[in-house]
Amino acid sequence: MTHELKVFVRDGKVFTSLTADFLPEVIPYQPPWNPRDDHDYAPDDSDAPLTPRWAYASRPWFPVVPLNPRFDGPIFECLNHTRFSLRTEVDAQGKHMLHRDIRGRWYELEKKLIWCQERLGAGMFVPWGTVLPSAPATFGYLRSHENAKLAIKVALRSRNAFLLIGAACTWHIMSRRYRGSNRPWMSVLTDDRECPIPAEWVLELSRSFVGDLSANVQRTGLFISSTHCPWEGQLPMFEHFSIPIWVHCAGDASVVDSMLHRYIPSHEVLISATDGLKWGQTPADGAWGHAGTWGSPENQCQHLDGGELQAEPDLVWGDVPSVSLFPEPERNSGQLRGEDWQAFLARRREGNKKREEKETPAQRQVRLSRATSAGNQDLPAKKTTVFEWQPQDEFDGFRLRIRITKNDVYSVWREYSATTRVYDSFHNEWDLCDELDPTSVPDGDWEDEIFAPSPSPPPPALPPPPQPPSRSSFLQDIDRYFGQHEVASSSTYSHGVEHFVSTLSYHLGFQLAASTSAPRGRSATFESWIRKTQWLHLCRLVGDVGTDVSTIPDAQKDIITCFIGYLVTLPTSGLPEMPSDLWDLGPERSLAVSNAGIRVSYAQLPQQRLYVIEPSLSASLVVWKLVVADAATAVMCLRRDWGSDITKIALNLLQKGIAFKTLQAMAAIYADYVVYEQHRHEFMNQPRARAALLHGGLVWRLALHSFGFDDLPSVLEGISREAVPYGLMLLINDQTYFDDELSEEEVDFMCSTYYSYNNDGTMDKVSWWPRPQAWAASGLNVGFWSTRCEEWFQKRLDNIRQGVSRIRNTPVNDDNGPMTATQWKRSLKFNPGTNKMMKNVDAACSQYLADNATGENDFVVVAVRL
């Protein structure tokens with residue numbers, strides 16, 4: 001594989017690369033190398049696995065640590081935690097430790113990965129002196145700790161140690177592929193005699209950051225000094241797989257490792273890069289690693305004395321926000337308002353340099369002695385002030401410099417380590433900040449007797465080395481994951497589904513006592529439709545599967561066929577031609593309002609009309625107003641004998657999958673917006689998910705599939721607390737009303753929508769379920785959830801379950817996979833007459849209510865005494 005040499009100049013140092021297009025934002029600390037010791041004494045470095053490191057002969061797997069790992073899938077999903085999602089528990093001694101459920105799954109994963117590491121490395125060439133990563137359990141997630149904060153911090157560090165085990169496995173896989181092993185690495189695991197791993201589990205491993213060697217998984221890479229390359233066989237392999245490698249070109253060009261001659265730029269190229277830097281024409285610097293403090297030597301404190309702290313990344317200045325957006329600093333902390341910890345330390349460092357220029361030799365001697373003493377002591381001196389940079393939740397984690405009281409210094413000090421403490425010898429102050437080294441191990445983790453105020457029982461012994469995992473444990477990962485994430489089975493919903501006769505009567509307005517006389521005004525289109533239409537076809541057209549119509553006499557079937565024929569073939573303007581004895585919305589409207597306890601009014605909005613259903617003789621007993629956007633639904637409620645209880649009426653609509661709204665008057669406050677920000681990342685677990693059930697149609701059925709049938713009544717308890725920040729808001733007659741409503745993005749989420757980018761630059765939306773536009777135009781949309789809809793839904797579930805849905809990360813092109821809107825339109829076409837029929841029914845119902853409703857509703861606010 002041929003690569004072009006790229007040259008980078010940073011702070012007077014020259015770096016080159018054949019596999020990377022940019023230089024990390026921060027160059028890590030370069031450890032000393034002893035040329036007499038070909039295999040250096042590099043530390044394990046497991047506390048910083050997510051950043052590029054310098055090459056260590058003993059750690060050839062460092063460069064392949066994933067840069068931005070995704071903890072998903074059946075294998076690594078158990079690691080998908082943040083400090084906010086990790087749970088802890090208290091043991092018998094009153095100490096805190098990771099919750100047993102998380103702890104158990106992590107330990108099972110640890111055993112499996114270590115087993116894979118051993119199997120994949122068996123029989124392979126391993127450079128002399130190679131040290132494989134330590135087990136994650138050695139980093140403390142199985143131990144108990146003094147407080148929950150410390151337990152969580154140690155757990156996150158242990159979680160990152162799983163990346164090192166994974167990197168070692170990746171390194172073995174890479175070696176097998178590069179050197180042409182006789183056995184594919186997957187077969188090594190599945191065909192092992194002692195513990196054959198199920199092929200399903202190995203397949204998922206190949207799709208994770210462990211087995212995926214493509215450019216889809218970015219790796220941290222490594223830095224190498226041009227004077228010494230610790231590997232002979234590893235470098236070509238890393239180049240082959242495009243692992244980022246940066247070579248620091250030392251000043252003495254005569255001393256170059258023979259493996260790195262290709263990385264040394266010519267004199268002309270070097271002059272060009274240097275001149276370009278002078279004129280500001282630097283190469284585009286990206287960031288493979290995370291910005292922060294890099295690679296300080298172990299067990300050394302950082303100092304803010306002039307020139308002793310390594311160079312910080314350049315500050316990037318943009319639009320400076322108003323300081324009023326930041327909290328007020330603590331008095332006498334020295335922090336300016338809006339100043340973060342990096343800016344404070346940089347400003348303090350510059351001030352100390354000026355102090356250093358003015359101090360006398362005697363003052364310098366005293367200060368240096370104080371600094372040496374501070375670095376050697378286990379706890380701060382009594383006269384030393386300690387500040388902790390504490391995040392402020394109400395200001396998005398912005399940190400304030402808070403002074404720690406003498407009584408709290410002991411406990412707070414133990415939550416930090418040498419790499420997260422900075423001593424200022426000029427001011428005799430300590431600064432404690434997690435962000436100096438986010439993956440550091442607190443001193444308190446080691447339970448030193450020096451710190452212990454009283455004797456405590458020793459920590460439990462670590463478990464013995466993992467034994468070969470059982471085959472069933474691998475299968476449990478697959479079953480646990482796909483049991484939660486694959487298409488779930490669903491019981492057939494039948495509780496509120498309409499039958500054929502009730503559909504005709506209540507939804508379409510058919511007169512059950514219609515005359516058997518021959519209908520008048522038959523057109524050629526009407527006659528043709530009558531001849532072609534079979535009875536089962538007609539049943540499906542109105543949303544029924546035709547299983548409960550055997551008792552209908554043939555004569556009545558003819559009349560019903562004529563009735564549907566009129567609705568399908570007549571234009572809207574021709575509806576008055578329909579005989580009145582067939583239709584209660586015909587020319588001589590005979591709609592019998594069965595429910596005299598309710599009245600229907602309407603509210604005209606700029607782009608739609610809403611129909612309000614409320615008691616006609618008494619005040620409503622609920623704080624919200626029942627509103628439907630479909631005139632046919634409003635008329636259907638008038639035909640039903642559901643009484644005046646709005647809750648009962650709404651529950652009937654809910655059980656039938658009919659869309660409606662529960663508008664409630666409220667005054668929005670700022671706190672509601674805060675609630676929105678706190679919960680937007682966990683939408684499906686929030687109360688406002690009721691909006692999916694109010695949506696009706698397919699979205700309603702998908703929500704019902706997740707929530708279960710028994711949770712429907714809870715939707716009628718009123719709008720959720722999240723309706724005000726980002727739900728539906730209507731302003732009618734100077735009064736504001738709110739309800740929960742799905743946004744377009746949330747509707748797309750409910751239908752599992754993807755954005756597909758084509759080669760010509762266009763974009764298509766494809767979805768596993770038809771989006772509302774496709775559903776509304778389909779032959780299944782009869783305004784409620786019919787038996788025909790349920791039949792299609794169950795069949796679709798079966799098709800997905802039996803089709804391609806189990807194959808993740810694989811494009812699909814068949815009818816069982818995601819489809820575009822055009823494909824859904826063809827798939828859901830069914831009976832074209834359904835749309836025509838429902839359009840006419842809606843038009844007639846709208847006209848009826850326009851003529852007979854009680855007038856435009858003024859949306860009087862309902863006052864409820866509590």
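Confidence in each residue is expressed by the predictor as pLDDT, on a scale from 0 to 100, and a contact is counted where heavy atoms lie within 4.5 Å. In the predicted model described here, pLDDT stays under 50 over residues 804-813, a segment for which the model nevertheless has 20 contacts beyond four places in sequence. A second segment with pLDDT under 50 spans residues 445-457, and for this stretch the model has 22 contacts beyond four places in sequence. For the protein as a whole, the mean pLDDT is 78, with 77% of the residues reaching 70 or more.

The protein contains 26 helices and 21 strands. Of its 866 residues, 50% are buried, and the accessible surface comes to about 42,800 Å², with carbon and sulfur atoms contributing 51% of that area. Among contacts with a separation of 6 or more, 70% are made by residues 24 or more positions apart.

Aromatic pairing was examined across the whole structure, and the search returned 25 aromatic pairs. One of these joins Phe76 and Phe209, whose ring centres are 4.5 Å apart and whose planes meet at 35°, an arrangement classed as tilted. This pair links distant parts of the chain, since Phe76 belongs to helix α1 (residues 73-76) whereas Phe209 lies in the loop between α5 (199-207) and β6 (222-225), a separation of 133 residues. Both partners fall under the 20% cut-off for burial, with a relative accessible area of 1% for Phe76 and of 6% for Phe209. The rings of Phe500 and Trp535, by comparison, have their centres 5.5 Å apart and their planes at 65°, so this pair is edge-to-face. Here too distant parts of the chain are linked, with Phe500 in helix α12 (residues 500-508) and Trp535 in helix α14 (residues 535-541), 35 residues apart. Phe500 is buried, because its relative accessible area is 1% and burial requires a value under 20%.

Ring pairs also link Tyr493, Trp700, Trp769, Trp775, Trp785, Trp792, Phe793 and Trp824 into a cluster. One member of this cluster, Trp769, is in addition capped by a charge, as the charged end of Arg796 sits over its ring at 5.9 Å from the ring centre. A charged end is likewise placed over the ring of Phe474, where that of Lys112 sits 5.5 Å from the centre.

Positive phi values in residues other than glycine were found at Ser242, with phi near 60°, and at Asn428, with phi of about 55°. Ser242 is located in the loop between α6 (234-240) and β7 (245-249), and Asn428 in the loop between β11 (421-424) and β12 (429-432). The two residues are assigned to separate accessibility classes: Ser242 is partly exposed, with a relative accessible area of 35%, whereas Asn428 is buried at 16%, a value under the 20% limit.

With respect to cysteines, the structure holds zero disulfides. Cys229 is buried, with a relative accessible area of 7%, and Cys562 is also buried, with a relative accessible area of 7%.

How values were computed. Residues numbered from 1 in each chain as written. Predicted model: local features only at pLDDT ≥ 70, side-chain atom pairs only at ≥ 80, totals over all residues. Heavy atoms only, no water. Disulfide = S-S within 2.5 Å. Buried < 20%, exposed > 50% of the residue type's maximum accessible area, 1.4 Å probe, protein only. Phe/Tyr/Trp six-rings, centres within 6.5 Å; stacked < 30°, edge-to-face > 60°. Helix = DSSP H or I, 4+ residues; strand = E, 2+ residues; numbered from the N terminus. Lys NZ or Arg CZ within 6 Å of the ring centre and 35° of its normal. Areas by Shrake-Rupley, 256 points an atom, 1.4 Å probe, with all protein chains shown as cover.
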